[in-house]
Amino acid sequence: MPKSQMVDPQQMRKSGKIEFQSIPVNQYQKSVKQELSRYTPVDLKRIQRDMVVIRTFETMLNEIKLRGAWLGVEYMHAGPAHLSLGQEAAAVGQAYHLDIADHIYGSHRSHGEILAKGLSAIQKLDDQRLMSIMKNYFDGQCLRIVEKDASGSVKDLAVDFLIYGTLAEIFGREAGFNKGMGGSMHAFFPPFGIYPNNAIVGGSGDISVGAALYKKINRKNGIVIGNIGDASSACGPVWEGICLATMDQYKKLWAEPYRGGLPLILNFVNNFYGMGGQTCGETMGYEVLARLGAGVNPEQMHAERIDGYNPLAVADAILRKKEILAKGDGPVLLDTITYRYSGHSPSDQGSYREKSEVEAWQAHDPITGFADELIKAKVCTKEDIENIHKTIEGVVLKACKKAVDLTISPRADLKKANGLLDRTMFSNQKIESMEPGRKPETLMSIADNPRVKSLVEKSRSAFDANGQRLKDSKCVVFRDAIFEAVIDQFYKDPTLVAYGEENRDWGGAFAVYRGLTEALPYHRLFNSPISEGAIVGSACGYALEGGRALVELMYCDFMGRAGDELFNQLCKWQSMSGGLLKMPVVLRVSVGSKYGAQHSQDWSSICAHIPGLKAVFPATPYDAKGLMYSALTGTDPVVFFESQRLYGIAEEFVAGGIPTGYYEVPFGEPAIRKTGKDLTILTIGATLYRAMKAAKELEEKYGINCEVIDARSIVPFDYTMVLESVKKTRKILLTSDACERGSYLHTMASKITQLAFDELDAPPVVVGAKNWITPPDEIEDAFFPFPSDMLDAVHEHILPLKGYSVKRDCSAKELIRRDTEAL
């Protein structure tokens, strides 16, 4: 919504037509002999060797999966193995011209890409750097196993390291590249530019966009390639990622030197099948996948179909596309055709395709075909080719013997206290700047910011010096508190970016970001497409590369549009990396109250259920600022819940109000808002204020002195304070705006019962919203928990209130009825 760009009705209503350019299809036609001016015989033989490494490695895996043995090595591998037999040329050709700073992200079928990129990196790194990488990677655990019987050069050792580390990871061994926690579909090795491979079809489609954003915004060398299958072209995250990757603003609104397209190649590894569905002719309608680029931007994403059965054709395309990216004219879409001989996985019987089809492709086999070309061009002899196969078979066999031997390659002991996953679900670090020493780019000093100036004039507390309640308009309120933490961190962490729907110019949802547009250049604060999946997925990729992202979905309800990215990606890569990677991403979502069924839901319980996510829900301005500081200096993914009811409230609980400077509210620590001795009330989010009213009524009318505790944090949560309170009061009521069924309050109630059973005089009682859709604002008091609902629950289930009349039936009989009728 930049004012600099007028939407001119004269222009928009003008008649005309759209012209499309032709899209190249398999244009590369050079022979090996013709390419001898570009590649030496040694180069060409290395390409052949690299393809043989992949074929031998995956043949070994296939035999082990199908028969439990390969060349006398017996092993039963129960895990997955999605093989790329037949696709070797596509992987090797792509990797050949990539540098270490060029990063690849892949799919569930990426063993070949791991090996190809790794072999390419080994060739480009000098011996000293290679030894440093191997010695320092997880303290040299993998190297120690490999070097015991190593022979030859440092590069030979590095090849052994690559093959063993990949196989050990596939077999779930602790010496694997990700300590066995990634496995076949998620293995990766960042020092060689091999970034996470993804078991979710199309999962790298938006993550790779975020990785490219990181390189662009932080001016890092290299490009990013997202390797995804042809079937992923139907996936929402891929389309959303394409939309985010091709935004006009990169080339029209971002200032120099940031102006220009993303350094990204979205490479569709097109083997014509998505499991058993044939994308060409059955499940898709594009006929030629490269056609997709035509509808995205005027450059048509420089889309091209290339012959992935010829490694030199792929290598040529990568060189040409890298030149386009270097000019700032990306991104690029490649349709790399290839074919997998094996099924989707070894258990796939291939009933969906004829044997003759497989045989037809095998007749064009890239490895035997390229070998014949090498011999024909007198680059090598048939004997040379045979020696390559023999040598590689020995290398893979040596790695296989070590990887299957539990005395050499043990698995991580996950049952012991503080085991691997205990240590790696979260990194739990405090890092103020993800790139110390680099100055953050801003447009003005923080002191000159108009909103910062306006807040100086306001009270930082809800009360004046005489204890009189001020109007909220005279105070620094909840939205201001979040703003103060956010803008401060933008001046400390140069990698910090904020984006989402209506972040720039508009001032952010509910005016939280008002004042940021004046302070920050476009590349640090920008509007995204309405693509919730890509917003979260790209933030994941941005963080995997080493940056910090603050992204916003506006409404909590919109998390459903980003379900995979939030529940399958953001939360898992720290642990699937074996603790190697960090995920400093803060996702802001607001919980509505007056916008009806699709804009007023509290989904905090869903986030709490997902391992690997932290979730906080501040209810006061003091906590909003302190928790935001904690989130923006942490290294873990945080879902930051904000109630729309609270954006305009001032600080009522903390003496002195909201501090002007930096402070943290630690995750996991609840706060006592009112002390008491007869009943504990534990709240999450905005119900704190209704609970305070209920506590006042209980005390004034019924003599029940309540202790009110604000959870503040959902995951993590320290129960110590609550248990101490329950020991004193012997009764507890829990309340939040989330629907009662499946609410995280029930988990808390269960835990309290388990840990304080002997201290309780009554069962913990949960008061949540009704298990309905959220009704219109005019009648939502029938839906959300209000003080009368809390008093009803106390009277019926905890402590009868003398003279009290229940406002709404919540008896045991009524609760049973409601559950029976799914209400």
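Good morning. A pocket, as the word is used here, is an open set of grid points with protein on both sides within 12 Å along at least five of seven lines, and its lining residues have an atom within 4 Å of a point. Please keep in mind throughout that the structure before you is a predicted model.

I begin with the pocket itself. The largest pocket has a volume of about 580 Å³. Its lining comprises 26 residues, and those closest to the centre are Glu 740, Val 766, Val 767, Cys 810 and Leu 815. Which elements each supply at least two residues of this lining? They are the helices α26 (744-756), α27 (787-798) and α28 (812-820), together with the strand β22 (765-769). The largest share comes from β22, with 5 residues.

I turn next to two charged residues that are buried without a salt bridge. The first case I shall take is Arg 524, located in the loop that runs between α18 (516-519) and β12 (525-527). Which side chain of opposite charge is nearest to Arg 524? That side chain belongs to Asp 493, at a distance of 5.9 Å. A salt bridge requires the nitrogen and the carboxyl oxygen to be within 4 Å, and Arg 524, although buried, has none. What its side chain does reach is the backbone oxygen of Glu 441, at 3.0 Å. Setting aside residues up to four places away in sequence, Arg 524 touches Pro 440, Glu 441 and Thr 442, and also Phe 490, Asp 493, Pro 494, Leu 496, Val 497 and Ala 498.

The other case is Asp 602, in the loop between β14 (585-591) and α22 (604-609). This residue, too, is buried and lacks a salt bridge; Arg 690, the nearest side chain of opposite charge, is 8.5 Å away. The side chain of Asp 602 does make a polar contact of 2.7 Å with the side chain of Ser 604. Beyond its neighbours within four places in sequence, Asp 602 is in contact with Cys 556, Val 591, Phe 617, Asp 737 and Ala 738.

Let me now consider charged residues that are paired. How many salt bridges does the structure hold? The number is 51. One of them links Lys 251 and Asp 329, whose closest N and O atoms are 3.1 Å apart. Lys 251 belongs to helix α10 (residues 249-252), while Asp 329 sits in the loop between α11 (311-326) and β10 (332-337); the pair therefore ties together parts that are 78 residues apart in sequence. Lys 251 is partly exposed, with a relative accessible area of 27%, and Asp 329 is likewise partly exposed, at 27%.

A further salt bridge joins the side chains of Asp 488 and Lys 492, at 2.9 Å from N to O. Here Asp 488 counts as buried, at 17% relative accessibility, whereas Lys 492 is partly exposed, with a relative accessible area of 24%.

A third example pairs Arg 588 with Glu 552, the closest N and O atoms being 3.6 Å apart. Arg 588 lies in strand β14 and Glu 552 in strand β13 (residues 549-555), so this salt bridge ties together parts that are 36 residues apart in sequence. Both Arg 588 and Glu 552 are buried.

Finally, salt bridges that share partners form one network, whose members are Glu 35, Arg 38, Glu 304, Asp 316, Arg 320 and Lys 321. Thank you for your attention.

Technical notes:
Residues numbered from 1 in each chain as written. Predicted model: local features only at pLDDT ≥ 70, side-chain atom pairs only at ≥ 80, totals over all residues. Heavy atoms only, no water. Helix = DSSP H or I, 4+ residues; strand = E, 2+ residues; numbered from the N terminus. Buried < 20%, exposed > 50% of the residue type's maximum accessible area, 1.4 Å probe, protein only. Lys, Arg positive; Asp, Glu negative; His and termini not counted. Polar contact = N/O pair within 3.5 Å; in protein donor to acceptor, adjacent residues only side chain to side chain. Contact = heavy atoms within 4.5 Å. 1 Å grid on protein atoms, 1.4 Å probe; cavity = no way out; pocket = protein on both sides within 12 Å on 5 of 7 lines; lining within 4 Å. Points joined across faces, edges and corners; volume = space filled by probe spheres on them.
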